[in-house]
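Reader: Could you walk me through this one? I'd like to go question by question.

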There are 2 protein chains.
Amino acid sequence: MDNCSIKCINEEKVKQTAETLPPTEDIGRMADIFKALGDPSRLKIVLALLNQEHCVCDIAAVCNQTDSAVSHQLRVLRTLKIVKNRRDGKIMYYSIDDDHVSALIRMSLDHVRH
Amino acid sequence: MDNCSIKCINEEKVKQTAETLPPTEDIGRMADIFKALGDPSRLKIVLALLNQEHCVCDIAAVCNQTDSAVSHQLRVLRTLKIVKNRRDGKIMYYSIDDDHVSALIRMSLDHVRH
DNA sequence: TTAATATATGAACAAATGTTCAAATGAAGA
DNA sequence: TCTTCATTTGAACATTTGTTCATATATTAA
């Protein structure tokens, strides 16, 4: 239960900060992107594609995952426009869809290695 | 089951990309950061703190969450060095710990608004 | 058409996650 | 000391999530 009495709230600061928040919809979309990159196996796929485009089969080999698992993850990434694909005969090639993605990854690498 | 025969794998490409991958430990840490930002309520807290430091109570007010829920989320963010805190009497003030965080947020906003 | 191959999909399951509620700290003032 | 208040913590719960397995689709070649 919310046991913080009215007094402890600095209404002015609360109001001011509330005004700086992006629309709820944007927050949701940002969270979706972060969430997608927040799974190690999915992040590994993205990192692999950051190097060059690959077919599903090769991604699975690079990442030590089954084709099926990779395919499922790629669908998530595709839905969020993090990766895109092109078909060449039987083979489907995947690659990074957006420049922001590589920038995001670079930032987080910097953070990790402080 | 992995039903992709050996033939479909481009060994050279696989090997080459595998060499570009960061160490597993780094991938895990990056994923942790993304995962932390991947929950809307937690992301909202971070966005609020990006504006200015706040006490737990005020964060709860800004984000329409209970104090308890906010406190739980702040612990996660603190553990990952995304936020830091300082005590002033009974009140605990939280703020963003790292510059990389704001950069990450900005990138994802750009991505969302393409 | 039929067979073979690369990828996609659906259902089921275990594991992880966020929220809630109740209770416990820790700090300040009476 | 005792009380009050801001925050933290722990356990329980429902929900979400990633993986697996079996099956389906789509493309090519025979």
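Reader: Which helix gives the largest share of the surface near DNA strand D?

Author: This is a predicted model, where local features need pLDDT of at least 70 and side-chain atom pairs count only at pLDDT 80 or more, while totals for chains, interfaces and linings use all residues. Residues are numbered from 1 along each chain as its sequence is written, with chains lettered from A and ligands numbered from 1 in the order in which they are written. "Near" asks for a C-beta atom, placed from the backbone, within 6 Å of the strand, and helices (H or I, at least four residues) and strands (E, at least two) are DSSP runs numbered from the N terminus. With six residues, the largest share comes from helix 5 of chain B.

Reader: And which residues come nearest to DNA strand D?

Author: There are 28 residues around the strand. Both chains are represented among the nearest: A:Cys8, A:Ser41, B:Cys55, B:Val56 and B:Cys57.

Reader: How many residues does each chain bring to the contact between A and B, and which helix of chain A gives the largest share?

Author: Contact here means C-beta atoms, placed from the backbone, within 7 Å. Chain A puts in 51 residues and chain B 51 residues. On the chain A side, 10 residues make up the largest share, and they come from helix 2 of chain A.

Reader: Which residues touch the most other members of the largest nonpolar core?

Author: Such a core is a set of buried Ala, Val, Leu, Ile, Met, Phe, Trp, Tyr and Cys residues joined through C-beta atoms within 7 Å; buried means 20 or more other C-beta atoms within 10 Å of a residue's own, again placed from the backbone. A:Val46, for instance, touches A:Leu37, A:Leu77, A:Ile82, A:Val101 and A:Ile105, leaving out residues up to four places away in sequence. Out of 62 residues, the ones touching the most other members are A:Val46, A:Ile59, B:Val46 and B:Ile59.

Reader: Why is one side of strand 1 and of strand 2 of chain B left without a neighbour in the sheet?

Author: Strands pair if DSSP finds at least two bridges between them. The open sheet of chain B has three strands in the order 1-3-2, with antiparallel pairing. Strand 1 (54-55) and strand 2 (83-88) of chain B each have a single partner strand, so one side of each stays free because they stand at the edges.

Reader: In chain A, which residue stands opposite A:Lys84?

Author: Chain A also has an open sheet of three strands, ordered 1-3-2. Strand 2 and strand 3 (residues 91-96) of chain A pair antiparallel over six bridges. Opposite A:Lys84, in strand 3 of chain A, stands A:Ser95.

Conventions: Contact = placed C-beta atoms within 7 Å. Buried ≥ 20, exposed ≤ 12 C-beta atoms within 10 Å, placed from the backbone.
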